[in-house]
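Me: Can we go through this one together? I'd like to start with the ligand site.

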Amino acid sequence: MAREIGIGTISLGWMGTLHTRAYRRLLDHYPECELRPRLVVAADTVEDRARDAADRLGYEGWTTDWREVIEHPEVEAVSIAAPNYLHKEVAVAAARAGKHIWLEKPCGRYPSETYDIGEAVEEAGVVSMIGLMYRHVPVVEYARELIAAGELGEITHYRGYFLADYAADPNGALTWRYKLDGAGLGVLGDIMPHSVDMAQNLLGPIESVSAQRETFIRQRPEVPEGMGTGHFVVEGGDMGEVENEDYVGGLLRFESGVRGTIENSRTCVGPHVRMSFEVNGTRGALSWDFQRLNELQLYRTDGTGDRGYRKVHAAPGMGDFDRFQPGAGISMGYDDLKVAEAERFLSSIADGRQRPASIRDIVSTMRVVDAMDRSCNTGRWEKVEEPKPARAPDPRVATGERRMGGDE
Ligand SMILES: NC(=O)c1ccc[n+]([C@@H]2O[C@H](COP(=O)([O-])OP(=O)(O)OC[C@H]3O[C@@H](n4cnc5c(N)ncnc54)[C@H](O)[C@@H]3O)[C@@H](O)[C@H]2O)c1
């Protein structure tokens, strides 16, 4: 018998409004879900956005103080889509208040903040869902099954990319994403978690890394008063310092013996959002690119004599594809992945069975990110280590110490 669950949302930028749309669409795609989201209250410090939550997005109430969302007695589950500098404070407070959390990556500014959130979630025993939604792409789920079933033979190579251009314009404003106290890490926090999670989701744990970083655009225009957040261009403003990296590239050793490379950039002109991977085994290979969400490239040395990749279309039977479209060749989109994530969140709460990606998955991811960060500093291979909760701000936040790469 279905019951209502009270939802609160903290921050209504891109991700907060997307979480909201996902809740609103949930029952269209998963009618049997035991929990029916009731949008109780949403918060944003920009009052127009908060008001809009009630006027347009369907929340019963709005506030400019995120604490009121967590304290609301009818809120049982909280979506946290705030900038990184708020993740730890908000997520720990929500978990301690006994609220289930759907938290956006990277879950803090530095791995130590992610570990602290992990500890609070484990102690409170609440359900967690993390915004690592590329896992829920149907052809990616199919790729994972093929690899696990040994269809590609023994896996030997992996290449993962997240090559983006969202920061390629030198006049892109110096928002919180470029600041140590706002975002913490640069691409290591912003997009590397997606690449690392995908690599481990497909091939299991990474055991050591060697990485390098660079900041190609070292100054950007300051954000004019009242402009808020998001990505936007400022012409002719005062310039300020970028405090974190634009680029990280590295080598990977997986526990299984697979060898790989990984490359992330936010200033890469050409590809827009090339979140992609290629996996090679002894009996076949596959590759996927987010910009061709519904297609998997698959090659099997299956005795036909054909050499080369075939295009495999997303189709019913792969992941949750048939929740969204009735037949192969009809495309799913980005927002659909968040509906699938909302379903996993609420179903985990309903039956107490935690589905991925949970706080444990992002802790595992951030251990690899931490090793990459260390390797960028030491220039050596670094092992992936056990998490060390900080319970205090990462010293870089306090001292403003920057690591940019290159010749500094
Ligand atoms: N899963 C993904 O692929 C994905 C994609 C984009 C962003 N994200 C993550 O989502 C988070 C938000 O990113 P975004 O792109 O939506 O950012 P955004 O800049 O579009 O929105 C941030 C919102 O937070 C609000 N805010 C700031 N301070 C606040 C406070 N004290 N209380 C309440 N609200 C406050 C801002 O007014 C703004 O509306 C980030 O952590 C980012 O890493 C994840």
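**Ligand site and backbone**

Reply: Sure. The ligand takes up the space of the largest pocket. Keep in mind that this is a predicted model.

Me: How many residues surround the ligand, and which are the closest?
Reply: The ligand has 30 residues around it. Asp44, Arg49, Asn84, Glu104 and Arg177 are the closest.

Me: What classes make up the shell around the ligand?
Reply: There are 14 nonpolar residues, nine polar and seven charged.

Me: Which helices each supply at least two residues of that shell?
Reply: Helix H1 (14-29), helix H4 (84-96) and helix H10 (334-351) each do. H4 gives the largest share, with four residues.

Me: And which domains does the shell draw at least three residues from?
Reply: Domain 1 (3-133) and domain 2 (136-334) each contribute at least three.

Me: OK, contacts. What does Arg49 do at the ligand?
Reply: A polar atom in the side chain of Arg49 lies 2.5 Å from a ligand oxygen.

Me: Where does Met15 come in, backbone or side chain?
Reply: Backbone. An N or O atom there is 2.8 Å from an oxygen atom of the ligand.

Me: And which ligand atom pairs with Ser11?
Reply: A nitrogen. It is 2.8 Å from an N or O atom in the Ser11 side chain.

Me: How much of the ligand does the protein bury?
Reply: The protein buries 93% of the 860 Å² that the ligand exposes when taken alone.

Me: Back to Ser11. Where is it found?
Reply: Ser11 is in the loop between strand S1 (3-10) and H1.

Me: What about its phi, positive or negative?
Reply: Positive, near 85 degrees, and Ser11 is not a glycine.

Me: Switching to peptide bonds. Is Lys105 to Pro106 cis or trans?
Reply: The bond from Lys105 to Pro106 is cis, with omega near 5 degrees. Pro106 sits in the loop between strand S5 (100-103) and helix H5 (111-124).

Me: And Pro356 to Ala357, cis or trans?
Reply: That peptide bond is cis, with omega near 5 degrees. Here the proline comes before the bond and Ala357 after it.

Me: Where is Ala357 placed?
Reply: Ala357 is in the loop between H10 and helix H11 (359-378). H10 is also one of the helices supplying at least two shell residues.

How values were computed
Residues are numbered from 1 along each chain as its sequence is written. This is a predicted model: local features need pLDDT of at least 70, side-chain atom pairs count only at pLDDT 80 or more; totals for chains, interfaces and linings use all residues. Side-chain values use heavy atoms; hydrogens and water are left out. A residue is near a molecule or strand if one of its heavy atoms lies within 4 Å of it. A polar contact is a pair of N or O atoms within 3.5 Å; within protein, one must be able to donate a hydrogen and the other to accept it, and residues adjacent in sequence count only if both atoms are side-chain atoms. Accessible areas come from the Shrake-Rupley method with a 1.4 Å probe; for residues, only the protein chains shown count as cover. On a 1 Å grid over the protein atoms alone, a cavity is a set of points where a 1.4 Å probe fits but cannot get out, and a pocket is an open set with protein on both sides within 12 Å along at least five of seven lines; lining residues have an atom within 4 Å of a point. A molecule sits in a cavity or pocket if more than half of its atoms lie within 2 Å of its grid points. Ala, Val, Leu, Ile, Met, Phe, Trp, Tyr, Cys and Pro count as nonpolar, Asp, Glu, Lys and Arg as charged, and the others, Gly among them, as polar. Domain bounds come from an automatic or database domain assignment.
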